[in-house]
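Visitor: I've got this one open on my screen. Could you walk me through it?
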Amino acid sequence: MNNGDTKPNGLTTSRRDFLKVLGVAGAGAATVSCGPPDVGDKLIPYLVPPDDIVPGTNVTYSTILAHAGPEPVGVHAKVRDGRVIKLEGNPEFPNRGALSALAQSSLQDLYDPDRVQGPREKVSGEWSESTWEDAVKAAAAAVGAGRTLLLTPPATGTAAKFLAEWAETMGVEWISWEPFGYEAMRAANEIAFGRPEIPSYDLAAADHVVSFGADFQATWLAPIQLARQFADARAIEDGEAPARLTFVGPRLSLTGTNADTWLPAGAGSEASVALAVAREVAQRRGGGEAARVRDLLAPFTADAVAEASGISAEKITTLGRQLAEAASPVALPPDTSGQGVYATEVHLAVTILNYVMGAIGTTVQFGSGPVRGSSASYADMRALTARLREGEFRTVVTAGVNPVYALPAASGFAAALADVANHISLSSHVDETAAAAGWILASSHELESWGDVEIAPGTFGLQQPVMRPVFDTRQREDILLAIAVAAGRDPGVESYGAYLQSAWQDVGGADFEGWWYGTLSDGTPVRRPSVGAPAEAAPPLSAAAANHSFTLPAADDGLSLVLYPTAQFYDGRGANRSWMQELPDAVTRAVWNSWVELHPATAEPLGIETGDLVEVSTAAGKVQAPAFVYRGIRPDTIAVPLGQGHTAYGRIAAGRGVHALSLLDGTADPRSGALAYAGTAAEVTAIGQRSGLPIMQGNDTDMGREISELISVDAAMAAQQAHHVDLTELVEAAWDSDPDSPYRWGMTIDLNACNGCGACVTACYAENNLPTVGEDLCAQGREMSWMQIMRYYEETEDEGFQTVHTPVLCQQCGDAPCEPVCPVYAAYHNPEGLNAQVYNRCVGTRYCANNCPYKVRRFNWFTYEHPYPLNLQLNPDVTVRQKGVMEKCTFCVQRINRAKLDAKAEGRPVEDGEIMTACMQTCPTQAIKFGNLKDPASNVSRIAKGPRGYGMLEELNTRPAITYLKSVTYASVAEGHGEHGDGGLDEEVDHQPEVSTHG
Ligand code: SF4
């Protein structure tokens, strides 16, 4: 059992060793096994320091997080003096050293003050503290009282085996479920290939990606992995044409905003578009694959599909031609937002398109896809609801799931659960499901737990606790073991940690200890050799699929509702984290709220503008939220994000935004049982009031100032071919830094790679102790983020638009306008070219912020709180600022100084690539590079000298140390765009602040 007698490197240790690790004496000894050190305790220096702890330096532990977002991620946890302060991606895992914003925010989940801090019993409707002994006894009695259900998230690896064995031993029925369970994908692949699998997609090898609504850079399947793959395919430096991205669907998601072409097919019509495109490809390519589905595709002519989908026949034909000509195309099926009552049909149609294009077995492979564990479908949960209602279960144990929130009220689950005699919750938070329980057995965070996760068939990552539990919690499996013991069963093991080790004994072999500690310490994936016969990567298309008769929806006149998950909240799990609430949405740039997206042509007749309160009503219910008028949505579609509108879960989440699921009547796709998140008939009306919707961007365009630049692929390719990089040429001027300094730090940001995911922004919050300020101060433009991902629209010649996501941070100018205006020299130029900020000199005149053309300086209007235990996450290498002080990015100067100290100790200069800023390290697409501009051959110098490089507002002669690389597109960009000239200074420029509110 994980009761605090283990230390993070996996070694079993004694209480005495623990005292050494914590450096706590006296009263601390009494607290060591049941909570973190009391800050009031007397601290003494290490007399005999533990081997792996050096006070004041980080120790890095490898582990894996299964629930940090849509995909499991390997992480390196930086631990300082017994507490984890930062997470970085583990380069050995498929996330390749990157983490998403949501994964970065796992730390706020770990240190969430709203976590359940110990076992709790509900007495007269109120939670009261209990003991583990009583809680476990009560849970065992409940499980023994009658038929019991255990409901968990999908599990893989040893956890799946453990849960199955526990359920069998206890005579309990175990069901695993998650809201976004890829049911339609599995159902379609069952029809097509007899294999209900999630395949793997290789976007790096693709030259044309067609997304039928898959938001693969934010929330679909494995966004960190897929974003990196697409960035690799999109790179232009290797001389090959970059991959093209076409987006088909009613609303431009984050991924959609990065597409070259948008085909705004109506919700539900994606299948007919896919089949019409497949028909075009088949006609051009011919071949065996095409012949098998010729009859199936025959009715889907471009003309026949045009009307139902709203996509012109010409556009369908063009896409078909492009895909027929592509060497390595791939089509991606819809995500949750495209999941309607025809979800399986759409997935099957996309599969047939992949089949016709020859993608099955090349860019789409079976047998090697992500392992997600089995998940009950929405229809299964409806069936379970009926069983609960009929009184089949005496006891329900919910462990790490929140169905009361994540199933629509129309499913009746919450009401049925309330009628069950005993409800025991194993939860880290009092979320909506735990709130309905009679007992909460406080569960540990993944960072406090043992485990393993199967990331691909036969490939696993080991999970280890990287610190002792913050609160009096236990990991889920250890609680279940304790319940088994209390119920009189002999589980045969003392703890889940021991169970896990025994499960790997066969792989570890004779020297198991050496293998175990070595693997934990290396943080590399491990393979279990016997995983059965290798699966066929390109199974043949079944006759059932080749002769499938598609049932497709007819065009509808009314408004269609689309609900979609966001990168911040996903299924709602990110809603109680202030970093996620304050991370602007990539599409709307809104924070701390929900909104209703509608097209200008829909909004205008109703007199609706962004920020107006509107009511959306469906047959199931109604919600009121501020409007966001958006060009990237069809006029017959409205969209509402998922993940907000909690009634419990914590102080930040509860009561914020709207619960979009209340608009659904619970209709499901009959073939897969997947909940229909798209296609519900809806109405929208104006309420006649303004509503607060803080939008962290003043203008939708850069007003001709060429802040973000976009050029055509042809122009970029031509420039690349004509360009020669001189590795001896310096990109910095003599006055940018001290001539005697060997360093001038600089950065490049590739706008062609950046997709606007915001991971860099959250990593900056975590690394640099940035406070969140809340909704009201955001509405006043007082956010403290050192990075902004500006979302600028660029017009195209066909009256469309392209979006360029542009990270804006302090440019570390060589001639910095902020420096000469500071009356107290708080803003000054350091010898290495950084614009340093001396906090204890700053008197808060804010002249520097006024004089900064980039508007990247942030002023502390207040001393912001980091309530315990969130303060345990603060980086000790970075000052926590107070009221009255100006702050901004300094390229993670603490990391620069650490690298310089290390280099000095070893008598060498800092090497190229040795320093990674927090934003660079976490970026899934590697859009950001950092290094020494004084070295003309460094990676950052080489990239900065490329033909797409430009300095933001360089016409002001600020000599920025950041070089942006222009974004490229296959769309027809306006003539002359992207040719950096006078910055459009002769154009009329609206001098609005960068931040404003529509509220
Ligand atoms: S630069 Fe930032 S917003 Fe852009 S892709 Fe990288 S992490 Fe995401």
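Guide: Sure, here is a chat about some strands, helices, rings and a ligand site. Keep in mind that this is a predicted model.

Visitor: Let's start with sheets. In what order do the seven strands of the open sheet come?
Guide: The order is 5-4-16-15-14-6-7, with mixed pairing. Strand 5 (126–129) and strand 7 (173–176) are at the edges; each has a single partner strand, so one side of each has no neighbour in the sheet.

Visitor: And how are neighbouring strands turned against each other?
Guide: By 20° on average, ignoring direction.

Visitor: Zooming in, how many bridges join strand 14 to strand 15?
Guide: Five, and the two strands, residues 395–399 and 422–427, run parallel. Within that pairing, Ala399 has Leu426 of strand 15 as its bridge partner.

Visitor: Which strands does helix 5 lie across?
Guide: Helix 5 (residues 132–144) lies across strand 6 (148–152), strand 14, strand 15 and strand 16 (439–442). Its angle to strand 16 is about 125°.

Visitor: What about helix 16, which strands does that one lie across?
Guide: Strand 6, strand 7 and strand 14. Helix 16 covers residues 378–389 and runs at about 150° to strand 6.

Visitor: Now strand 12. Are its faces covered or not covered?
Guide: Both faces are covered. Pro329 and Ala331 are buried on one side, and Val330 and Leu332 are buried on the other.

Visitor: How many bridges join strand 9 to strand 12?
Guide: Four, with the strands running parallel. One of the residues just mentioned shows up here again: Ala331 in strand 12 is the bridge partner of Val210.

Visitor: Jumping to the far end of the numbering, how many residues of strand 35 are buried?
Guide: Five of its five residues, 928–932, are buried. Strand 28 (residues 745–750) is joined to strand 35 by five bridges, and those two run antiparallel. Ile749 stands opposite Ile928 there.

Visitor: Switching to rings, how many aromatic pairs does the structure hold?
Guide: There are 23. Take Phe216 and Phe230: their ring centres are 5.8 Å apart and the planes sit at 75°, so this pair is edge-to-face.

Visitor: Where do Phe216 and Phe230 lie?
Guide: Phe216 is in the loop between strand 9 and helix 8 (223–234), while Phe230 is in helix 8 itself, so the pair ties together parts that are 14 residues apart in sequence.

Visitor: Are those two buried or exposed?
Guide: Phe216 is buried at 0% relative accessible area. Phe230 has 4% relative accessibility and also counts as buried.

Visitor: What sort of pair do Phe512 and Trp515 form?
Guide: A tilted one, 5.8 Å centre to centre with 35° between the planes. Both residues belong to helix 23 (residues 512–522) and are three residues apart, about one turn of the helix. Phe512 and Trp515 are both buried.

Visitor: Which residues do ring pairs link into a cluster?
Guide: Trp450, Phe460, Trp504, Phe512, Trp515 and Trp516.

Visitor: Last topic, the ligand. Which residues come nearest?
Guide: Of the 13 residues around the ligand, the nearest are Cys754, Cys757, Gly758, Cys760 and Cys923.

Visitor: How does the shell split by class?
Guide: Nine residues are nonpolar, four are polar and none are charged.

Conventions:
Residues are numbered from 1 along each chain as its sequence is written. This is a predicted model: local features need pLDDT of at least 70, side-chain atom pairs count only at pLDDT 80 or more; totals for chains, interfaces and linings use all residues. Side-chain values use heavy atoms; hydrogens and water are left out. Buried means under 20% relative accessible area, exposed over 50%, partly exposed in between (1.4 Å probe, protein chains only). Two strands pair if DSSP finds at least two bridges between them. Axes are lines fitted to C-alpha atoms, for helices over the stretch in contact, and angles run from 0 to 180 degrees between N-to-C directions. Contact means heavy atoms within 4.5 Å. A residue is near a molecule or strand if one of its heavy atoms lies within 4 Å of it. Ala, Val, Leu, Ile, Met, Phe, Trp, Tyr, Cys and Pro count as nonpolar, Asp, Glu, Lys and Arg as charged, and the others, Gly among them, as polar. Rings of Phe, Tyr and Trp (its six-membered ring) pair if their centres lie within 6.5 Å; planes under 30 degrees apart count as stacked, over 60 as edge-to-face and the rest as tilted.
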